[in-house]
Amino acid sequence: MSVEAGMVGTTARTSGPAPGGPGLSLTPPDEGGGSGTTLLANVVAAAVDPLEIAASLETFGLSNAAVQKRFSYDDVFGLAQELYTMAEFQPAPAAKRRRVRPGGPLDLGRGIIFAAPTLMFTGAALALRSSLSWWTVPLALICGWAFSQGVSYVGFSRDSWGEPPGAAVVWALLAALISTAALGLAGDSLLGGRFSGVVFAAASCGFMTAAAELVVHGEERIIGALLLPGAIGSLVFVTRVPFALPVVATVALSAVSVVATVFAALRHLPARWWRLPVLSPADLPTAVRYFATGLCCGFFVGLFIVLEPAKAGPHSWPAAAAYPMILSLGAMEWQLRSLRAAASDASFRANSVREFTRRVRKRLARSTFSYLVVLTVMTAAVQVLAHYRGVVVPAPLLAAGTCLALAFYFALVVSSCGRMELVLGAWLTGLTTLGVWALLARVVHPPWRLPNANFAFLIAASVSATFLALAARRAVVNPFSHA
Amino acid sequence: MNITLITEGTYPHHMGGVSVWCDQLLDHIPDHRFDILAISGSGDEKNVWEMPANVGQVTTVPLWAAVPSRRASRELRNRFAPVQERFFKSLSIENLGSGFVESLQELAEFARAGELTAAMSSKDAVAMLMAGAPNCQGRQSPQEHEALSVADAVDILVRLEHSLRPLAIAPPETDLCHTTANGLGTLPALAAKWANGTPFLLTEHGVYLRELYLAHPPGSTSQLARSTVLRFFKLLIETAYRYADIVAPVCRYNGLWEVANGTQQSRIRPVHNGVDPQAFPVATTEPAVPTLVFVGRIDPLKDIETLLRAFAEVRAELPDARLRLFGPTPEGGEAYFEHCVQLSTDLGLADGAATFEGKISPPAQAYHAGHVVVLTSISEGLPYVVLEAMASGRPVIATDVGGVAEAVGDAGLLVPPKDPSAVAAACVKLLSDKRKRKALGRAARSRVVQHFDVKHCFGTYLGLYEELAQNDRETIDLRELVEVVVPEERVPSYRRGALQGSSLRVRPGRLLKPGVLG
């Protein structure tokens, strides 16, 4: 959609962030724009006012003097008025609208790229398990998720204004590394651990931040390529196929992937990289919201690691309950895109808000069902695989994983409608539920019993998912969400 | 005198002709204090001009800055519904603009309360617009009546909501509002006029409406959305012409458009732009090879394509000729620049014959770099490029648009716009005729010194300021009269605050203007 509303040309430049209109009709005759006569005829047929015709006549040299001399009119406005009155009104069809790409198999590929880091870090975490404390991976997830959300918002926001989106990356990386390391060191002294855990957390966080920068630049393929060493190393380490990979080699391969990703992100540094990115006053709270949402997401996914006791031995499977969600990221993206495309299409076809609402709600239900089917299949597959490996995944945790996956799906829908505050509200509601449970656990004594932590997580995830489902149902039918 | 200078998308955030004019104005009228009110895009723009000492406050009103997401409460939606209905009704062709001014004033109340964005971005606003879409086209389609889609309604509401954002600022409390263009920049000036009776001077460089039509050609969006948005702008522009105390176009040609949009001839006072002849010394030498120079933004309004095509024809006659293009590519114009570079390659000019050389400082160097200065714009006011080239003693070949003919007179060659062959013929003629070139150069310099001296230009503005201040003082006596004869309940709500405020800033005499009291 064209968003130019301000003046253009000699006196002003106040056009909006994403001009989509064709602008001035100056296409030369031999480039498909038609001859001058054709262009003028189009304007005359579709003009909204005689003055619009006068404006075009002048650009073709029919100034006042020329009109008086060649056509004996008093002025160019007289000729324009006559053309306006005489010509048959023929509204020009709107230029082909920019179609929103529906989801497809390509999104499954993107899903694999987004799932690959999990694989890589699972292998690395297993290899380093004797060096990592229980809080290390959750800390990496919380910080990494938060900074990656912040970086991507700032990047996309700057990009929409035609400014280099990479300005934030160096500061975000520094902040990510320093804050994660500081929190890691604090964790070491308060909860116990080793320095290698701090390095692991900082590296993971740095990787996620750098990867977010590459996503802003549409370089998912590069992320995929750079992840290959770490992902393959981890896969070989975990499966011992075709050989048993030493711990050092596994960690080294993951480190290669991390360092390469950070360097790839630093390619996008602008010339004056030391300058802090300029955000408009209204952008700053939104960036903070994205950051806070990242914190919440990292916290919830980190819970899988905290709550599921890792089994000792090579066959352990940390956070197995989170795998259905991670493996269905591609399907999530596919369904989200299809929903957005359908909603955009409905906004062009519907001649009433009611009809638009009906169409979009129907499509939301369909997309949700499709995703749920994929999620169910993935959950079953993970359960079978866990059984085969002799790993028991607690049922409440698996159910919590399903709820959280649905919550993530709805969160994507709601945030794509520009309602980040609702997403944050949903996560905070979930966190509050957990907080209440933690508080009650301290004050409730036998014979009263509270559900265990896994159940509490399930309840919290359900609350967030329900909140987000209702928010999605509401946000998606707002026509401005698809403008 | 305290003057609020209102710009849109130009000074102090961008370079260009209007910004040069603003800089000159501030520089040449040092005894008055200016506050700058700049309507901008994102609000992140940096000042690219050094502020003179007589500039006080600089306020930016971004049209496209993100605003914190605000939901419209049911109460707000209910309160806004009749206002929206009246506003869109006033856009209808049949109403001939009746109620438009009152609607703007009502919308301003919502804007100042920070409620307009939320109110215009609600589902109810879309539904209401779809149910009662105004007829903004004077002609009916022979086909079945076209219905507004949800996307069209959203498109209209989004554009209008952003366009109305200048209403959110409090009316400037100043002695005079001076806008550098018609359009959105007039909204604060109109608000000050309605609230405080502040005198309003409207300078017009390019014709806002003409360029607006060119920027939104048929097919750029759906016909219904286009006609509604353009109707809003047309009514706004007519309103500004109606309420401006003086309309000062930079050329007489603009005056024709102003009259066509309802401005009284008696209020039109053309004031030509001016340049400092000392800053543009006469070029004493010429380059070794026949060289054409273009100076200006790489922008579709400059029609660089015609220039390149014309130059290709010149090269057929004069194979060693060069074309040097000096000037920046504005933000958002990168695609057009790439298009021009590609066209240059396609025309076989990429061998160094046509070169894009960017900004040059001081600009006089650019004019000295060629034999002839060429301008192929399709829309202009009174372009500085032409005046500066003439001051430098260079002959000018320019398209006959806007006030170009007034500037060039008989000291250059005029050609029709979008006609590469005519441009090429004029170029070949001057490049091959040294005597003619010299004669036109001398005449050009003399014409600028005589008619387009910067001192004369801003001396005239100083006179206009004093005239408006004088008129304003004369109306003060009417204040007491109005306070006596207008009962409190007849004073519109948006005016009550002003009446209760400092009486020195209130000039109720202006309340007697039709349409304000309803």
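Start with two helices in chain B of this predicted model. Select α11 (residues 304–317) and α12 (residues 334–346) of chain B: they pack at an angle of about 15 degrees, and their axes are 10 Å apart. Angles under 35 degrees count as roughly parallel, so α11(B) is roughly parallel to α12(B). Their crossing is right-handed.

Now show side chains at the contact. On α11(B), pick B:I304, B:E305 and B:L308; they meet B:C340, B:L343 and B:S344 of α12(B). By class, this contact has four nonpolar residues, one polar and one charged.

**Chain B, the sheet that holds β7**

Stay in chain B and select β7 to β12. Which order do the strands take in this open sheet? Reading across, the order is β9-β8-β7-β10-β11-β12, six strands with parallel pairing. Colour β9 (354–358) and β12 (412–415) of chain B next. Each stands at an edge with a single partner strand, so one side of each has no neighbour in the sheet. Neighbouring strands are turned by 20 degrees against each other on average, direction ignored.

Zoom in on β7 (residues 291–295) and β10 (residues 372–375) of chain B. Two bridges pair them in the parallel sense. Label B:V293; opposite stands B:V373 in β10(B).

From the edge strand β9(B), follow the loop that leads to α13 (364–368) of chain B; B:P362 is found there. Check the peptide bond from B:S361 to B:P362: cis, with omega near -5 degrees.

**Chain B, the sheet that holds β1**

Move to β1 to β6. This open sheet also has six strands and parallel pairing, in the order β3-β2-β1-β4-β5-β6 of chain B. Which strands stand at the edges? They are β3 (55–62) and β6 (246–249) of chain B; each has a single partner strand, so one side of each is left without a neighbour in the sheet. From one strand to the next, the twist averages 20 degrees.

Select β1 (residues 2–8) and β4 (residues 176–179) of chain B. They run parallel and are joined by four bridges. Put a label on B:L5, which stands opposite B:H178 in β4(B).

Now add α7 (residues 186–196) of chain B. The helix lies across β1, β2 (33–40), β4 and β5 (200–204) of chain B. Relative to β4(B), α7(B) runs at about 160 degrees.

Return to β1(B) and go along the loop to α1 (17–28) of chain B, where B:P12 is found. A cis peptide bond joins B:Y11 to B:P12, with omega of about 0 degrees.

**Chain A, domains**

Switch to chain A and colour by domain: domain 1 (29–86), domain 2 (103–307) and domain 3 (315–483). The centres of domains 2 and 3 of chain A, taken over C-alpha atoms, are separated by 22 Å. Select the contact between them: 25 residues come from domain 2 of chain A and 29 residues from domain 3 of chain A.

Which elements give two or more residues to the domain 2 side of this contact? Highlight α5 (105–127) and α11 (283–307) of chain A. Of the elements, α11(A) gives the most to that side, with twelve residues. The residues on the domain 2 side divide into 14 nonpolar, eight polar and three charged.

**Last stop: A:S72**

Finish in the loop between α3 (64–71) and α4 (76–86) of chain A, where A:S72 is found. Phi of A:S72 is near 60 degrees, a positive value in a residue other than glycine.

Note on methods. Residues numbered from 1 in each chain as written. Chains lettered and ligands numbered in written order. Predicted model: local features only at pLDDT ≥ 70, side-chain atom pairs only at ≥ 80, totals over all residues. Pairing = 2+ DSSP bridges. Axes fitted to C-alpha atoms, helices over the stretch in contact; angles between N-to-C directions. Contact = placed C-beta atoms within 7 Å. Parallel < 35°, antiparallel > 145°, perpendicular 65-115°, else oblique. Left-handed = near helix turned anticlockwise from the far one by under 90°. Nonpolar A, V, L, I, M, F, W, Y, C, P; charged D, E, K, R; others polar. Domains from an automatic or database assignment.
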